[in-house]
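Could you walk me through this structure while I have it open in the viewer? I would like to know what to select next and what I will find there.

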Amino acid sequence: MEASFTTVTALTLSTAGAATLRADALVVGVAKAGKALVVAPGAEAVDKAFDGRLAAVLETLGASGGEGEATKLPAPAGLKAPVVLAVGLGSAPEDGESYDSETLRRAAGTAARVLFGSKKAAFALPVASAEDAGAIAEGALLGAYSFDAYQESGKDAKKPLAEVALLGAKPRDKAHKAAADRALAVAEEINRARDLINTPPNDLTPAAFAVAAQAAGKEHGLKVQVLDEKALAKGGYGGILGVGAGSENPPRLVRIAYTHPKAEKTLALIGKGITYDSGGISLKPAGHNETMKCDMSGAAAVFSTVVVAARLGLEVNVTAWLALAENMPSGSATRPGDVLRMYSGKTVEVLNTDAEGRLVLADAITRASEEHPDAIVDVATLTGAMVLALGDRTFGIMANDDDYRTAIHDIAGEVGEQSWPMPLPADLRKTMDSPTADMANMGVRMGGGLIAGLFLQEFVGEGITWAHLDIAGPAFHEGAPYGYTPKGGTGSSVRTLVRLAELTAAGEL
Ligand code: BES
Ligand code: MN
Ligand code: ZN
């Protein structure tokens, strides 16, 4: 597997006026103000080149200013760029208020997608704060993503935007500069996660994923340790080994550590890394396995997050754990009815080999707990039940601490990720009782996402704050692209985890 497929998009903060900047396209915002269409702040020079008639021209073309809308028009004389692209921002904010940063992020993403095949775009969207500058940069860089590594591409093949120039952001303002740097690191690492998720499972095996982690570790000065199948056997990692037992591609447990000399806290992030989930002997039917290369999205998210923490030099220790295995049926596979002895020593009766994520995560949670981190957050495409409950754009949050769960939900909202708090009802625990082992890997069907959470909770070390993000819905997008969200791997939860690390560093959690 190659380390990275993504075309890298450059980001610049420009002080040049919109009229004089050389670019292939100028991006402006357009919004609804009652029944009228208005050009958003930041595009005054562009509007001037249209003799103040830009909104009227757009209206003639049928533009409504709605979110997700993009209208391309030829630029008038007086602008250096040949094309103007107007993106909808929804309702214009009340006087004195500014546009919501997620609205800007999505609009910038839409623009970058529409401009696929162009080289350089200048973004003249409204920037009322450093946060807005960061959101626009993030949206543009995330929208400028495509995964074409497996498609024959001639030299004329279209590529994502090579350069994003942000107008309205102030390059000499420390906060603006920091927001742009942060956006670049976050977007590049989210795009790395997307690459890993989109890479087909015949190439992205557990061993190949571990090699990618080692390469990134070298590049960013992270300490990477890999337990291969022999080391896992020696260590007694029965959960990870049991899930990987049916595959020709043996499992791995990868520990990636970022440390800061002044860090006062340590955050352990654990990712489900099933490189392919066939279901195992409890085989998934056709129609349910085509996208199961996405079952390592949690591992990709925590991997990206620890790299961002290193790139930004956050004053917090972040340890990412990738629990990697391929869940396949074969003569050596774990059977429904087998009992596994987990790394914790607990025995688990495997009633359904398709409930494999909790088995690999449990071993990693026990192992991470040995280091007494201040908090553990695991991220997993864990249950179809969570997708039924919350749909495919919202992840569920469970935790052993109500305040921590609330904090993560708030953080997700701040960074523009949809999430919802879910309970861990103690009464469901007994439905995982097993006549043979300490517990089973399944309980009743109803509330399946919560049962998976209750299973994981049993492995969290005494006194450690723990949260579980079930990203089965938003991790992989099968519908039409929208905003900055492409088809395929999305990089769900990375922005939330990065902000969580930042707030942990700031002592706010
Ligand atoms: N990887 C799946 C969950 C999943 C479903 C992820 C849809 C993304 C989209 C997980 O391993 C699984 O198969 N879960 C089972 C658990 C059940 C057997 C208790 C499920 O949700 O059906
Ligand atoms: Mn499964
Ligand atoms: Zn799975």
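Start by selecting K284 together with ligand 1: a polar side-chain atom of K284 lies 2.8 Å from an oxygen atom of the ligand. Keep in mind as you go that this is a predicted model.

Now add G384, where a polar backbone atom sits 2.7 Å from an oxygen atom of ligand 1. Bring in D277 too; an N or O atom in its side chain is 2.9 Å from an oxygen atom of the ligand. How much of ligand 1 does the protein bury? Taken alone, ligand 1 exposes 520 Å², and the protein buries 77% of that. To see the surroundings, show the 16 residues around ligand 1, the closest being K284, D295, D354, E356 and G384.

**Next stop: the manganese ion**

Select ligand 2, the manganese ion, and show its protein donors: D277 (OD), D354 (O), D354 (OD) and E356 (OE), which lie 2.0 to 2.2 Å from the ion. Notice that D354 is listed with both an O and an OD atom. If you follow the sequence, the donor residues are spaced D-x76-D-x1-E.

Is the site of this manganese ion regular or irregular? The angles among its six donor atoms run from 69 to 169°, and the site is irregular. For six donors to count as octahedral, opposite ones must be over 155 degrees apart and all others between 65 and 115.

**Across the bridge: the zinc ion**

Keep D277 selected and add ligand 3, the zinc ion. D277 bridges the manganese ion (ligand 2) and the zinc ion (ligand 3), and the two ions lie 3.2 Å apart. D277 belongs to strand β10 (residues 266-277), while E356 is in the loop between β13 (347-349) and α10 (357-369), so the pair ties together parts that are 79 residues apart in sequence.

Around the zinc ion, pick out the protein donors K272 (NZ), D277 (OD), D295 (OD) and E356 (OE), at 2.0 to 2.4 Å. Along the chain these residues follow the spacing K-x4-D-x17-D-x60-E. The zinc ion has six donor atoms that subtend angles of 78 to 173°, which makes the arrangement octahedral. As a reference while you check angles in the viewer, the ideal values for six octahedral donors are 90 or 180 degrees.

Turn on a surface and ask: are these donor residues buried or exposed? D277 is buried, with a relative accessible area of 3%. E356 is buried as well, at 1%, and K272 counts as buried at 2%.

**Two backbone curiosities**

Most residues other than glycine have a negative phi. With that in mind, select D51, which is not a glycine but has a positive phi of about 55°. You will find D51 in the loop between α1 (44-49) and α2 (54-60), and at 67% relative accessibility D51 counts as exposed.

Then jump to S493, another non-glycine residue with a positive phi, this one about 85°. S493 sits in the loop between β20 (488-489) and α14 (494-505). Whereas D51 is exposed, S493 counts as buried, at 0% relative accessibility.

**Last stop: P93**

Finish at P93, in the loop between β5 (83-91) and α3 (101-114). P93 is partly exposed, with a relative accessible area of 28%. Which residues does P93 touch beyond its neighbours within four places in sequence? P93 is in contact with S98 and Y99. For a final distance check, select K32 as well: P93 and K32 are 61 residues apart in sequence and 9.2 Å apart in space, C-alpha to C-alpha.

How values were computed
Residues numbered from 1 in each chain as written. Chains lettered and ligands numbered in written order. Predicted model: local features only at pLDDT ≥ 70, side-chain atom pairs only at ≥ 80, totals over all residues. Heavy atoms only, no water. Donors = N, O, S within 2.8 Å, 3.2 Å for Na, K, Ca; no water. Tetrahedral: all angles 85-135°; square planar, octahedral: opposite > 155°, others 65-115°. Helix = DSSP H or I, 4+ residues; strand = E, 2+ residues; numbered from the N terminus. Buried < 20%, exposed > 50% of the residue type's maximum accessible area, 1.4 Å probe, protein only. Near = heavy atom within 4 Å. Polar contact = N/O pair within 3.5 Å; in protein donor to acceptor, adjacent residues only side chain to side chain. Areas by Shrake-Rupley, 256 points an atom, 1.4 Å probe, with all protein chains shown as cover. Contact = heavy atoms within 4.5 Å.
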